[in-house]
Amino acid sequence: MKKLAPVARAAEAAGCVTLHDPGLIDRDKLRTLHDPNYVRAFITGKGDLASSQGWEWTAKIRTGVLAINAGQIVGAGLAMKHGIAANVAQGFHHAQPERGRYFCTFNGLALVAQEFPEMRIFVLDCDEHCGDGTAEFTERLPNLFNFSINGSNWEMLENERSICRTLKKVKKDFTPYRNALEEAFQTIRSWKPDLIIYQAGADPHAEDPLGTLGMTTEQLLERDRIVFRFCKSKGIPVLFVLAGGYQTPIEEKLVPLHLNTFKAAYEAYCLPT
Ligand SMILES: [Zn+2]
């Protein structure tokens with residue numbers, strides 16, 4: 001979570017964004033999405049479930065998580081209004097209905113589907129790691145589609161609205177990754193979502209300590225450009241989130257990668273074609 005403020009400041013300084021304060025999420029929305037016992041544990045900081053995502057619980061972390069989840073709903077609303085928006089935060093794609101997992105507390109991707117039941121929500125998850133928590137929520141939320149292109153798959157649940165494409169290390173020509181994106185776009189064309197949520201993970205990068213995909217900075221930027229050009233050309237609103245990215249020092253190594261996603265979005269939506 002330490003990367004979020006530096007990325008927000010960098011995007012604002014680059015003239016790419018107008019920042020909004022989302023406030024904190026209504027806890028009833030979380031109790032509807034997740035097991036109420038898990039939500040209670042995290043809110044009170046009591047019991048093993050309070051730290052099930054892997055962080056030692058603090059009140060500051062609780063506030064950050066509640067703001068991150070609020071940002072998903074505010075961001076989705078802004079995307080539907082303007083065509084594009086970002087939540088300068090993580091989607092929390094590993095969070096499961098009954099508990100947190102792998103640094104993910106409450107699933108902000110499923111949360112949007114719950115919040116807008118009349119809308120079809122398509123998650124294009126391009127994090128290094130599979131969106132296994134979101135996959136579980138597709139069994140509960142009929143308006144949620146999860147398409148995960150990753151390098152690390154932990155037996156993600158697959159069904160007719162949950163697709164997993166696990167790739168080997170990306171080579172210079174980038175073709176398998178492009179093909180996986182094209183398959184996702186074909187799925188989008190046929191499923192016709194009202195909103196795409198793009199998990200623009202920076203952890204597929206070659207220097208990421210948790211990465212296996214080995215992508216270059218230029219390949220990640222090209223990935224972002226391809227996604228935003230597609231969303232724009234189809235007229236489908238897109239909300240993007242930072243997702244993973246673990247390089248340090250944050251300002252030097254990680255912020256430029258996430259900032260590139262904002263630049264790609266700005267190019268696609270704000271510059272003349
Ligand atoms: Zn990840």
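## A strand in the middle of things

Which residue stands opposite Ile-196 in β5? The partner is Phe-122, and β5 is our guide through this predicted model. Local features here need pLDDT of at least 70, side-chain atom pairs count only at pLDDT 80 or more, and totals for chains, interfaces and linings use all residues. Residues are numbered from 1 along each chain as its sequence is written.

## How β5 is enclosed

Strand β5 covers residues 195-199 (strands are DSSP runs of E, at least two residues; helices are runs of H or I, at least four; both are numbered from the N terminus). Five of its five residues are buried, so β5 is largely enclosed by the rest of the structure. Buried means that 20 or more other C-beta atoms, placed from the backbone, lie within 10 Å of the residue's own.

In a regular strand, side chains alternate between the two faces of the sheet. Here Leu-195, Ile-197 and Gln-199 point one way, while Ile-196 and Tyr-198 point the other way.

## Neighbours on both sides

Two strands pair if DSSP finds at least two bridges between them. Strand β2 (residues 121-125) runs parallel to β5, joined by five bridges. Strand β6 (residues 238-241) also pairs with β5 in the parallel sense, over four bridges. In β6, Val-238 stands opposite Ile-196, and Leu-239 is the bridge partner of Ile-197.

## The whole sheet

Now step back: six strands form an open sheet with parallel pairing, in the order β1-β6-β5-β2-β3-β4. At the edges, β1 (84-87) and β4 (162-166) each pair on one side only.

Technical notes
Buried ≥ 20, exposed ≤ 12 C-beta atoms within 10 Å, placed from the backbone.
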